[in-house]
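This briefing describes a predicted model of a single protein chain and is meant to be read with the sequence and the structure side by side. The points are grouped by topic.

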Amino acid sequence: MRRLIWLAPLLLLVVGCGVMPSSKDEAMAAAREVARKANRQLQLSHQYMRTAEEVGRSASLQDGVTVLRVTGTSTYDEDGIQLVLRTSGSVNEGWLSAKQYTVYPCFTVRVSRLPDWDKDPQPVDCPDGPPLVFSPLSQPPWLPYKELHAALPRIPKGGQVDESEVRRSITSLYLDPSILIETKTDAGRVGVLLLVPGNSFYEQSCLLARVAPGATEVWTPPRAQRIPDGDGCTIGNALNPKPLPH
C-alpha cells in the first residue's frame with residue numbers, strides 16, 4: 001500500500017506531461033495569435049477598395065509581422081489580396097529555465113471587400129527571398145483654410161463679384177501644384193473648390209468657398225459628403241450647399 005502511495009504522484013506527473021502542450025505548440029500558438037491580430041486589423045482598415053501596395057504596406061506596419069508575399073490587384077477583385085506573413089512566438093523551455101524556444105512560422109491571410117473577420121490565418125511554408133519593402137505613404141498637400149478665408153475678396157452688399165479677382169486671390173496663396181482649383185460664377189456669386197486629387201474609392205479632401213455680395217464663406221464639407229458618392233467636393237456644392245446630414 002505504501003508503495004502505491006509513493007507511485008501515485010509519479011503517475012500523475014507522467015500522465016500530466018503527456019497532455020501538457022510542448023514548447024513548440026505554445027510558441028506556435030503565440031505566433032498564430034500575432035497573425036490573427038494582424039489579420040483582424042487589416043480587415044478593419046480596408047473595407048473600401050485598396051490596392052495590393054496599400055494592403056501590403058499596412059501589413060508591414062503591424063507589430064511582429066514581416067510581409068513575404070502579396071498577390072492580387074485590389075480588395076475589390078474576386079479573390080481580393082492574398083498575403084503571406086511571417087510572425088514569431090517564444091516560450092520558456094521549462095518552468096525554471098530562462099532559455100526560450102522560438103518559432104518563425106508563416107501564415108496566409110486574405111483581404112477583400114467581404115472581410116473574413118473570424119477566419120484564422122492558415123499556416124503555409126515560408127517563401128524564399130527577403131521581406132517585401134514598401135514605399136512610405138506620402139503626405140497629402142495642405143489645404144489652407146484660414147489663409148483662403150483671409151485672401152478672398154469681401155464684396156459689399158449691392159456690389160458685383162469678379163471671378164478673375166477671386167482667382168487672383170487664390171493664386172496669391174502659392175498652393176501646392178497638385179491641388180486642383182475650380183471657380184464658377186452663378187447668379188452673381190462665385191464658387192470655389194480646392195480639391196486634393198484622389199480616386200472614387202477614398203474619402204475626399206477639399207475646401208469649398210462662396211463669394212457673394214455681403215458674404216464670403218469658406219468651409220469643409222462633412223465627412224458624410226466626402227465619402228465615395230457623397231458629392232460634397234464639387235463646385236456645385238460650393239454654390240448651392242447640400243443639407244447637412246443628421
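## Strands β7 to β10

In this predicted model, Leu208 of strand β9 faces Trp219, which stands opposite it in β10. The two strands run antiparallel and are joined by five bridges, with β10 spanning residues 215-219. The points below start from this pair, follow the neighbouring strands, and then turn to the cores, the helices and the chain as a whole.

**Pairing around β9 and β8**

- The strands β9 and β10 make a hairpin in which two residues lie between them, and Gly214, in the turn, has a positive phi of about 90°.
- On β8, β9 has another antiparallel partner, and seven bridges join the two.
- Within that pairing, Leu193 has Leu208 of β9 as its bridge partner, while Leu195 stands opposite Cys206 of β9.
- Leu208 therefore appears in two pairings, since it is the bridge partner of Leu193 and also stands opposite Trp219 in β10, and it belongs to a strand that DSSP assigns as one run.
- Strand β7, residues 180-186, is likewise joined to β8 by seven bridges, and these two strands run antiparallel.
- Leu195 of β8 also has Leu180 standing opposite.
- The hairpin of β7 and β8 has two residues between the strands, and Ala187 there takes a positive phi near 55°.

**Burial of β8 and β9**

- Eight of the eight residues of β8 are buried, so this strand is largely enclosed by the rest of the structure.
- The cover extends to both faces of β8, with Arg189, Gly191, Leu193 and Leu195 buried on one side, and Val190, Val192, Leu194 and Val196 buried on the other.
- Strand β9 is mostly covered as well, seven of its eight residues being buried.

**Nonpolar cores**

- The largest nonpolar core has 17 residues, of which Leu148, Leu152, Val166, Ile170 and Leu194 touch the most other members.
- Two or more residues of this core come from each of α5 (163-171), β8 (189-196) and β9 (205-212), and β8 gives the largest share, with four residues.
- Leaving aside residues up to four places away in sequence, Val166 touches Leu152, Pro153, Val161, Val190, Val192 and Val211.
- There is also a second, separate core of 13 residues, which includes Leu42, Val55, Val67 and Leu83.

**Helix α5**

- The buried residues in α5 are Val166, Ser169 and Ile170, and they cover an arc of only 100° around the axis, which puts them on the same side of the helix.
- Turned away from that buried side is a face of α5 that carries the exposed residues Arg168 and Thr171.
- The packing partners of the buried α5 residues are α4 (145-151), β7, β8 and β9.

**The four-stranded sheet and its helices**

- An open sheet is formed by four strands in the order β1-β2-β5-β6, with antiparallel pairing.
- Its edges are taken by β1 (66-71) and β6 (122-124), each of which has a single partner strand, so one side of each is left without a neighbour in the sheet.
- With direction ignored, neighbouring strands of this sheet are turned by 35° against each other on average.
- Strand β5, residues 106-111, is joined to β6 by three bridges, and the two run antiparallel; Phe107 stands opposite Pro123 in β6.
- Helix α2, residues 23-45, lies across β5 and β6 and runs at about 15° to β5.
- Helix α3, residues 52-60, packs on the sheet by touching β1, β2 (81-86) and β5, and its direction makes about 25° with that of β2.

**The chain as a whole**

- Seven helices and 10 strands are found in the chain, and buried residues make up 33% of its 246 residues.
- Of the contacts between residues at least 6 apart in sequence, 53% join residues that are at least 24 apart.
- The chain exposes about 15,400 Å², and carbon and sulfur atoms supply 56% of that area.

Notes. Residues are numbered from 1 along each chain as its sequence is written. This is a predicted model: local features need pLDDT of at least 70, side-chain atom pairs count only at pLDDT 80 or more; totals for chains, interfaces and linings use all residues. Side-chain values use heavy atoms; hydrogens and water are left out. Two strands pair if DSSP finds at least two bridges between them. Axes are lines fitted to C-alpha atoms, for helices over the stretch in contact, and angles run from 0 to 180 degrees between N-to-C directions. Contact means heavy atoms within 4.5 Å. A nonpolar core is a set of buried Ala, Val, Leu, Ile, Met, Phe, Trp, Tyr and Cys residues joined through side-chain atoms within 4.5 Å. Buried means under 20% relative accessible area, exposed over 50%, partly exposed in between (1.4 Å probe, protein chains only). The arc is that of the directions from the helix axis to the C-beta atoms. Accessible areas come from the Shrake-Rupley method with a 1.4 Å probe; for residues, only the protein chains shown count as cover.
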